[in-house]
Amino acid sequence: MLTITAIPALEDNYIWLLQRERHAVAVDPGEAAPVLEFLQANGLQLDAILCTHRHHDHVDGIEELRRVYNVPVHGRSHPKNPHITHDLREGDRLRLDVLDVEFEIIEVPGHLDDHIAFIAQRAVFCGDIMFGAGCGKNFEGTLTQLHHSLQRIAALPDDALVYCAHEYTAYNLPFALACEPNNPNIQRRAAETKRLRSANLPTVPFTIALEKATNPYLRCTNPELIRTMQARGLADTSELGVFTALRNWRDHF
Ligand SMILES: [Zn+2]
């Protein structure tokens, strides 16, 4: 039986802790202290670290964690990421016996070039590619790559759960509503998100089905959204044209 816990870190990061019996694996530890605290409080030992990409808020806790637990770090090697001990590439499978889980690895560039996602048991750990009602910023690579990466995650089963690395849902929904003011699913999600956040509860994980119904970046063929973009002067209403215009608008929203 696998337990997955959100450990809040830094300003709005989630470090995901996967646990089976006394064994634990941390995803994207941007800080060590809250992870060490959780492990100690629950009598757990750390067995491995998974890394989705090299941004500081995902890797800065690795060194300190490895001073206490000399564990492997699984991720995509990159000249600017000294932390990875076990390189992963598209199509690789990562078996973690302590969790009795096998992850499928997909490369999801478009935020950073070295971004990968870990998929297992109807769960995806996707770092900064997809957020609640949003997506990551395009720091490296192209918007075409970012769009393709999002599409690959969206192609998972409707009931698959998305474990992203930030609590951004409340921050993204006003933009989603500006795109589709009449979408009842976005309106409902906004109300539910408000309820969760005011109770200090996470909005993550969420399902692929909910993202497909409310995330504008997955809805670039939706007529209302296209009309909104046309009203803003967009001429190229191809899926990628709409996606590009959305991502650019979001940066100034
Ligand atoms: Zn990032």
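Visitor: What does glycine 43 do just after α1?
Guide: Glycine 43 takes a positive phi of about 60° there. This is a predicted model, in which local features need pLDDT of at least 70 and side-chain atom pairs count only at pLDDT 80 or more, while totals for chains, interfaces and linings use all residues. Residues are numbered from 1 along each chain as its sequence is written, and side-chain values use heavy atoms, with hydrogens and water left out.

Visitor: Which residues of helix α1 are buried, and what covers them?
Guide: In α1 (residues 33-41) they are Pro34, Val35, Leu36, Phe38 and Leu39. The cover includes β1 (3-9), β2 (13-20), β3 (23-27), β4 (45-50) and α3 (62-68). Those labels come from DSSP runs, numbered from the N terminus: helices are H or I, at least four residues, and strands are E, at least two.

Visitor: Why is histidine 53 called buried?
Guide: Buried means under 20% relative accessible area, exposed means over 50%, and partly exposed is in between (1.4 Å probe, protein chains only). Histidine 53 has 0%, so it is buried. Histidine 55 comes in at 22%, so that one counts as partly exposed.

Visitor: Which residues are the protein donors of the zinc ion?
Guide: They are His53 (NE2), His55 (ND1), His111 (NE2) and Asp128 (OD), lying 2.1 to 2.2 Å from the zinc ion. A donor is an N, O or S atom within 2.8 Å of the metal (3.2 Å for Na, K and Ca), and water is not among the atoms, so sites may look incomplete. The donor residues are spaced H-x1-H-x55-H-x16-D in sequence.

Visitor: What makes the arrangement around the zinc ion irregular?
Guide: The 4 donor atoms subtend angles of 93 to 155°. Four donors count as tetrahedral if all angles lie between 85 and 135 degrees; four count as square planar and six as octahedral if opposite donors are over 155 degrees apart and all others between 65 and 115; anything else is irregular. The angles run up to 155°, so the zinc site lands in the irregular class.

Visitor: How do you know that aspartate 128 has no salt bridge?
Guide: A salt bridge needs a side-chain nitrogen of Lys or Arg within 4 Å of a carboxyl oxygen of Asp or Glu. For aspartate 128, which is buried, the nearest side chain of opposite charge is arginine 247, 10 Å away. Aspartate 128 sits in the loop between β10 (123-127) and β11 (130-131).

Visitor: How many salt bridges does the structure hold?
Guide: There are 16. One of them pairs arginine 54 with aspartate 114, the closest N and O atoms being 3.0 Å apart. That pair links distant parts of the chain, 60 residues apart: arginine 54 is in the loop between β4 and α2 (56-59), and aspartate 114 is in the loop between β8 (101-107) and β9 (116-120).

Visitor: Are arginine 54 and aspartate 114 buried or exposed, and what makes you say that?
Guide: Arginine 54 has a relative accessible area of 12%, so it is buried. Aspartate 114 is at 1%, so it is buried as well.

Visitor: Where do glutamate 192 and arginine 195 lie?
Guide: Both lie in helix α6, 3 residues apart, about one turn of the helix. Their closest N and O atoms are 2.9 Å apart, so they form a salt bridge. Glutamate 192 is at 37% relative accessibility, so it counts as partly exposed, and arginine 195 at 48% does too.

Key
Lys, Arg positive; Asp, Glu negative; His and termini not counted. Contact = heavy atoms within 4.5 Å.
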